[in-house]
Amino acid sequence: MTTLTVWHDGACPLCRREIALMRRLDWRGAIRFVDATTAETCPIDRRELLARFHAREGDTLLSGAAAFAAMWRAIPLLRPLGLLARSPLALRLLERTYLAFLTVRPGLQRLAHRVSRT
């Protein structure tokens, strides 16, 4: 089995919570999680890496919904969702949903920062 590498924003409270959950679900250790804010090297420009979710599956660098789908495929509980996302139609729908999320992400991050301080 090929290890999947996932880059995440360790400075983002939303991302930290999500990655913590994914780590717990990844009981096989199939995913290498890398905090892009502190990584010594990055496969692309760090700002670009932090702007969208990225994963490397084999030799292929994925971003957005495709990266999430690869991560889901590596986690037994989420594998059916990841396999469903291989469908071009499902992947397009997931990508549109992800793009919509990116527009509200800054506000959600601010809210999460406030909540974590109280």
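Helix α3 is the element in which R73 is found, and in this predicted model that arginine offers a convenient way in. With a relative accessibility of 9%, R73 counts as buried, because the limit for that class is under 20%. Setting aside its neighbours within four places in sequence, R73 is in contact with E57, R79, G82, L83 and R86.

The burial of R73 fits what is seen along the helix that carries it: in α3, the buried residues are A65, A67, F68, A69, A70, M71, W72, R73 and A74. Since 9 of the 10 residues of α3 are buried, the helix is largely enclosed by the rest of the structure.

From α3 one can pass to the nonpolar interior. The largest nonpolar core has 22 residues, of which L4, V6, I31, F33, F53 and M71 touch the most other members. At least two residues of this core come from each of β1 (4-8), α1 (13-25), β2 (31-35), α3 and α5, and α3 gives the most, with 7 residues. Apart from this core lies another, of 5 residues, which includes V34, A36, A39 and L49.

Among the residues of the largest core that touch the most other members, F53 deserves a closer look. Leaving aside its neighbours within four places in sequence, F53 is in contact with V6, W7, I19, L62, S63, G64, A67, F68, M71 and Y98. Both F53 and F68 are buried.

What aromatic arrangement involves these two phenylalanines, F53 and F68? A search of the whole structure finds 4 aromatic pairs, and F53 and F68 form one that is stacked, with 4.0 Å from centre to centre and 15° between the planes. Because F53 lies in the loop between α2 (46-51) and β3 (54-57), whereas F68 belongs to helix α3 (residues 65-74), the pair ties together parts that are 15 residues apart in sequence. The two rings also belong to one aromatic cluster, formed by F53, F68, W72, Y98 and F101.

F101 leads from this cluster to the surface, where F101, V104, L108, L111 and V115 form a nonpolar patch with about 400 Å² of accessible area together. V115, one of the patch members, is found in helix α5 (residues 88-117). Its relative accessibility is 47%, so V115 counts as partly exposed, whereas R73, at 9%, counts as buried.

Methods:
Residues numbered from 1 in each chain as written. Predicted model: local features only at pLDDT ≥ 70, side-chain atom pairs only at ≥ 80, totals over all residues. Heavy atoms only, no water. Patch = residues over 30% accessible without salt bridge, like charges linked within 9 Å, V, L, I, M, F, W, Y side chains within 5 Å. Areas by Shrake-Rupley, 256 points an atom, 1.4 Å probe, with all protein chains shown as cover. Salt bridge = Lys/Arg side-chain N within 4 Å of Asp/Glu carboxyl O. Helix = DSSP H or I, 4+ residues; strand = E, 2+ residues; numbered from the N terminus. Buried < 20%, exposed > 50% of the residue type's maximum accessible area, 1.4 Å probe, protein only. Phe/Tyr/Trp six-rings, centres within 6.5 Å; stacked < 30°, edge-to-face > 60°. Core = buried A, V, L, I, M, F, W, Y, C linked by side-chain atoms within 4.5 Å. Contact = heavy atoms within 4.5 Å.
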